[in-house]
Amino acid sequence: MKFSGSYVALVTPFKADGSVDFEKLRELVRWHLEQETDGIVALGTTGESSTMSHEEDDEVARYVIETVNGKIPVICGAGSNSTQTQLEKSRRYHEMGADGLLLITPYYNKANDEGMYRHFATVADAVDTPVILYNVPGRTGCSITPGCCARLAAHPNIAGIKEASGNIAYTAKIAKLVGDDFCLFSGNDDMIVPVLSLGGCGVISVWANICPKQVHELVVSWRAGDAARARQIQLKYLELIDALFCEVNPIPVKEAMNQLGMNVGGYRLPLCEISESGRQTVRRALEVLG
């Protein structure tokens, strides 16, 4: 499958008691279908799967897949620092009908190049669902080397990468080494246009949780050859994008959604409510845009 466009890194809404709010989750998924979001990524960093049980992860994945009902692609975060756990989750989401699997680098353990390769290839060899690599060294403390990425890109069931290093030089090296059929997603909302200019296929976006049409329009404009319009959207919303990362993700984006009346609830420890300065930063950015 060739993935492209604006994919929302979907938040997981919680009730006041901390349980998953499945009614709100369905509402969010349906809203994204209406707002021209090109795909949904469930259970990523923004989805707070790191504080959820495997059973909750499975229920969220199943619920999103069933609600979308094939209208747009659904990529499920199945990653773990344990390759075996990652494989087990990937098999479950494959059976549920996920269109793709987002697999993170092996945080904490880290790995040499061979271990990094096997971490992803083990899943890619075992299931037919396309694999998207997730490179986010600021979170994990490790990165996929360009050489290892090129080797992984040659695997027939590894379809792309969410590149969230924030390092455009590294991204350029990846773009040079992989083929045109390999999907290069921007994992940073403030770098969508630069990554698209290097041959990127789109973005897996936190920002799209509140501005799905704008993120979709940015990518569509670039792909239609209207670089000026894409650049205009990128720069217009830069202050808001920065505000959405004024504290660790997804604290600010959930705060923004709640300020906008979307009522997605709170967080699970160690994540907690935003600071007062962060709250005001988010509020000012939203007010500037009306």
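Let me begin with one residue, C76: at 0% relative accessibility, this cysteine counts as buried. Please keep in mind throughout that the model is predicted.

What, then, is the cysteine nearest to C76, and why is there no bond between the two sulfurs? The closest cysteine sulfur belongs to C183, and at 17 Å from the sulfur of C76 it is too far away for a bond. C183 is in no disulfide either; its nearest cysteine sulfur is that of C201, at 4.4 Å. A disulfide would require the two sulfur atoms to lie within 2.5 Å. C183, like the residue I began with, counts as buried, because its relative accessibility is 0%. For the structure as a whole, the number of disulfides is 0.

C76 also leads us to a tyrosine. Leaving aside neighbours within four places in sequence, Y93 is in contact with C76, and its other contacts include G77 and A78. The list further holds L43, D57, D58 and A61, together with A98 and L101. Y93 itself lies in helix α3, which covers residues 83-96. Is Y93 buried or exposed? With a relative accessibility of 0%, Y93 counts as buried. As a point of reference across the chain, Y93 and E34 are 59 residues apart in sequence, and their C-alpha atoms are 25 Å apart in space.

I turn now to the chain as a whole. The protein chain contains 13 helices and 8 strands. Its radius of gyration is 18 Å, and a compact globule of 290 residues would have one near 19 Å, so the two values agree. Taken along the principal axes, the C-alpha atoms fill a box of roughly 50 × 45 × 35 Å. Of the 290 residues, 53% are buried. Among contacts with a separation of 6 or more, 70% are between residues 24 or more positions apart.

As for the surface, the protein chain exposes about 12200 Å², of which carbon and sulfur atoms supply 48%. The side chains include 27 positive and 35 negative ones, and the centres of these two sets lie 2 Å apart.

Next, some details of the backbone. Where do we find cis peptide bonds? One joins N249 and P250, with omega at about 10°. P250 is placed in the loop between α11, residues 238-243, and α12, residues 251-259. Another cis peptide bond joins L269 and P270, with omega at about 15°. P270 sits in the loop between α12 and α13, the latter comprising residues 276-288.

There are also residues that have a positive phi without being glycine. E36 is one of them, with phi at about 75°. This glutamate lies in the loop that runs between α1, residues 22-34, and β2, residues 39-42. Its relative accessible area is 43%, and E36 is therefore partly exposed. N69 likewise is not a glycine and has a positive phi, in this case about 55°. N69 is found in the loop between α2, residues 54-68, and β3, residues 74-77. Is N69 buried or exposed? Its relative accessible area is 58%, so N69 is exposed.

To close, I return to the starting point. C76 counts as buried, and C76 is among the residues in contact with Y93, which also counts as buried.

Definitions and conventions
Residues are numbered from 1 along each chain as its sequence is written. This is a predicted model: local features need pLDDT of at least 70, side-chain atom pairs count only at pLDDT 80 or more; totals for chains, interfaces and linings use all residues. Side-chain values use heavy atoms; hydrogens and water are left out. Helices (H or I, at least four residues) and strands (E, at least two) are DSSP runs, numbered from the N terminus. The radius of gyration is taken over C-alpha atoms; the globule rule is 2.2 Å times the number of residues to the power 0.38. Buried means under 20% relative accessible area, exposed over 50%, partly exposed in between (1.4 Å probe, protein chains only). Contact means heavy atoms within 4.5 Å. Accessible areas come from the Shrake-Rupley method with a 1.4 Å probe; for residues, only the protein chains shown count as cover. Lys and Arg count as positive and Asp and Glu as negative; His and the chain ends are not counted. The place of a charge is taken as NZ of Lys, CZ of Arg, CG of Asp or CD of Glu.
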